[in-house]
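Student: Please take me through the salt bridges in this model, pair by pair. I want the distances and the burial of each partner.

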Amino acid sequence: MKKVIPDGSKIKTLRTNAEHVSTQKELAYEVRVSERTLREIENKNAPVTIGVLDRLAKVLNVRREQISFPCDNIPPEPPPSGNIFSEALAEFHKECLVPRYDYDLANVTMDEGLLFKQANSSNDFACEIMISLTDEAAEYTQELVAILDGLTWSVRSILEKVSPSEEIAIRRRIKQLLVLLRGNDVWVYHTHLFRRLPERHTPLPEGEYADLSSRFIIALAAPAEWGETSIRVPIDHGQPFILPALNYEKKGGKD
């Protein structure tokens, strides 16, 4: 994959003057790179892929040419050799650092029962608003968020059961709000993850273990243009963690 040389000082200037991504943490989150990588970009002009450069340009509201140097003298990377499938499979045999701030796929839904059950079995809840809301849609969103948040264990005790009559009323209202939001061209997407606590920006030292906390996430976005049923949404793992390498070797037998 071809890489280009970013103009780190220009990127840093644009970042510090931007209201919504003025810190390295904020910009790294939006561009989907680690803060360490962003520091190397800004301070050392570390080479990046075209994809990263495009995301930087989009977030900073400039053209890619304005934040990069001419790269005619950069030798292209050699094409992959051997079996592509084998090379891709080999990547799964390597440990991988999963960053704290990442992206996940969220699926569209009109299932009020699914939203109820996910919220009622999660430690906490988060909502990503990825579309401009009218006043009417904002009111529906505010009520939906309040309902789902109120079902989580962070608000309602895990020992406190929802009565059947209360569940029917809650699910009916969730369904009504989903329909009303659809009428305002707002689709609701959902996903779920386990966060690693306490929150931190570095992996846990060896020998220490994180506490897992379930988080239910919905995202409000525009209707899919080409019939897609999922979108990418930003997530927070709580802390970075190491994804172990897959091991396909058979176990058993004599050592």
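Tutor: What follows is a close look at the salt bridges, one pair at a time. The model is predicted. The structure holds 13 salt bridges. Side chains of opposite charge can pair when their charged atoms come close.

Start with Lys-175 and Glu-112. Their side chains meet in a salt bridge at 4.0 Å, N to O. Lys-175 sits in helix α8, residues 164–183, and Glu-112 sits in helix α6, residues 112–120, so the bridge ties together parts 63 residues apart in sequence. Lys-175 is partly exposed, at 32% relative accessible area. Glu-112 counts as buried, at 18%; the cut-off for buried is under 20%.

Next, take Arg-156 and Glu-160. The closest N and O atoms of this salt bridge are 3.5 Å apart. Arg-156 is buried, with a relative accessible area of 9%. Glu-160 is partly exposed, with 43%.

Now Arg-195 and Glu-199. Their side chains form a salt bridge at 2.6 Å, N to O. Arg-195 is buried, at 2% relative accessibility. Glu-199 is partly exposed, with a relative accessible area of 46%.

This pair also belongs to a network. Salt bridges link Arg-195 and Glu-199 with Arg-100 and Asp-236.

Put the burial values side by side. For Arg-156 with Glu-160, the arginine is buried and the glutamate is partly exposed. For Arg-195 with Glu-199, the arginine is again buried and the glutamate partly exposed. For Lys-175 with Glu-112, the lysine is partly exposed and the glutamate is buried.

Conventions
Residues are numbered from 1 along each chain as its sequence is written. This is a predicted model: local features need pLDDT of at least 70, side-chain atom pairs count only at pLDDT 80 or more; totals for chains, interfaces and linings use all residues. Side-chain values use heavy atoms; hydrogens and water are left out. Helices (H or I, at least four residues) and strands (E, at least two) are DSSP runs, numbered from the N terminus. Buried means under 20% relative accessible area, exposed over 50%, partly exposed in between (1.4 Å probe, protein chains only).
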